[in-house]
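Colleague: I have some questions about how you name things in this model. Can we take them one by one?

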Amino acid sequence: MRAGLEPLVTGATFAAATVFRDSCVRHQGGGPAEFSMSLSGASVDAVVRRGKFLWFVLRADTAPPLALSAHLGMSGQFRSFGGQAPAPHTHCRARLALTRHGELLTVDFLDQRTFGYLHVEPLVPTSDGGPGGQGSPLPLLPRSVAHIARDALDPGADSARAHKALRKGNRAIKSVLLDQTTVSGIGNIYADEALWFAGIHPLRSADSLTPADSARLLASARDVMARALAQGGTSFDALYVNVNGESGYFSRDLAAYGRFGAPCFRCGTIILKSTVGGRASHWCPTCQREPRSRTTGTRATGRASQES
DNA sequence: AGTAGCACCTGATTGC
DNA sequence: TGCAATCAGGTGCTAC
């Protein structure tokens, strides 16, 4: 999504912003009026991503500099239209009108499940140093992204630090992968895929991983995310499309997620499904062996009954 | 301090 | 055909 937006909006200027559902700007203290006012006349210098957080860096004529931050939640999309835009879709929560080289550009924010949001907020110095994230020209992050760790694919990520963070605590390793303050960008699908590739059971406690385990796991996560990115993401239906409304193709290549009851591609064992930390989880009981109870004698937390 | 659980929503699908 | 229950790719707050 970031890569699709960047060439369209870099150098463009916001002319107007219309909010169709107030809750999509719920993090904007002054509501829709403040949101529209903050954007009006602002130009876009860059489009940056860190994990699942995306932001448009606004030209810095203010102190502190500002960004238009976005999170797509579960079902958010951006759709762009050049020239005359069609009537807004039922799920269109906000419409952004921009101009560039005298041309009109419309960017709609659609979101069926309304977990996504937009807001204009200050950019602050990063706590982890270096560039703000992919696409960023500045060592700054939106205030609401300051607590998010670097992306698994961020070339500037400190992998020694990531390995250490990944192996901390006794939570299920899958829960740690989903915790965006450890390593960001890994969601429920890519967590299951990374664990399958690395041969690690989702309920293994994080502190039971060896350094070799965590290295293999992070490498698997990077690999699956890079392959998904090259195919335009993981689309199951019309809810997950790019800025032109087109689907990605990675769902064809999933090895674990959504394959409950089907044979493992490595060993043929039937893939199981259960919940870990409240999230649907899929794994091969042969390639990803069940953790034995730990030295404390307690059972793995979050263990749930398996579906038959 | 760290973590589990729930709240926040809409809509498609499944089962009765 | 209708209605209720269930499920969905995320995050952050609250209560333990």
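**Helix, sheet and DNA**

Modeller: Let us begin with a helix in this predicted model. Among the elements that cover the buried residues of α2 are β1 (13-19), β4 (66-71) and β8 (117-125).

Colleague: Which residues of helix α2 are called buried, and what makes them so?

Modeller: In α2 (residues 31-39) they are Phe-35, Ser-36, Ser-38 and Leu-39. The cut-off is 20 or more other C-beta atoms within 10 Å of a residue's own, so these four residues meet it.

Colleague: How do you know that they are on the same side of α2?

Modeller: Their arc around the axis is only 165°, which puts them on the same side. On the other side, Ala-33 and Met-37 are exposed. Exposed means 12 or fewer such atoms, so Ala-33 and Met-37 fall within that limit.

Colleague: What comes just after α2?

Modeller: Gly-41 does, with a positive phi of about 85°.

Colleague: Why are β1 and β5 called edge strands?

Modeller: Four strands form an open sheet, in the order β1-β6-β7-β5, with antiparallel pairing. β1 and β5 (76-82) each pair on one side only, so they are the edges.

Colleague: What makes β1 and β6 a pair?

Modeller: A pair needs at least two bridges. β1 and β6 (residues 92-100) have six, so they count as a pair, in the antiparallel sense. In one of them, Phe-14 has Leu-98 of β6 as its bridge partner.

Colleague: How many residues surround DNA strand C?

Modeller: There are 21, and the closest are Gly-187, Asn-188, Phe-236, Tyr-240 and Ala-280. By class, this surface has seven nonpolar, 10 polar and four charged residues.

How values were computed: Residues numbered from 1 in each chain as written. Chains lettered and ligands numbered in written order. Predicted model: local features only at pLDDT ≥ 70, side-chain atom pairs only at ≥ 80, totals over all residues. Near = placed C-beta within 6 Å. Nonpolar A, V, L, I, M, F, W, Y, C, P; charged D, E, K, R; others polar. Helix = DSSP H or I, 4+ residues; strand = E, 2+ residues; numbered from the N terminus. Arc of directions from axis to C-beta. Contact = placed C-beta atoms within 7 Å.
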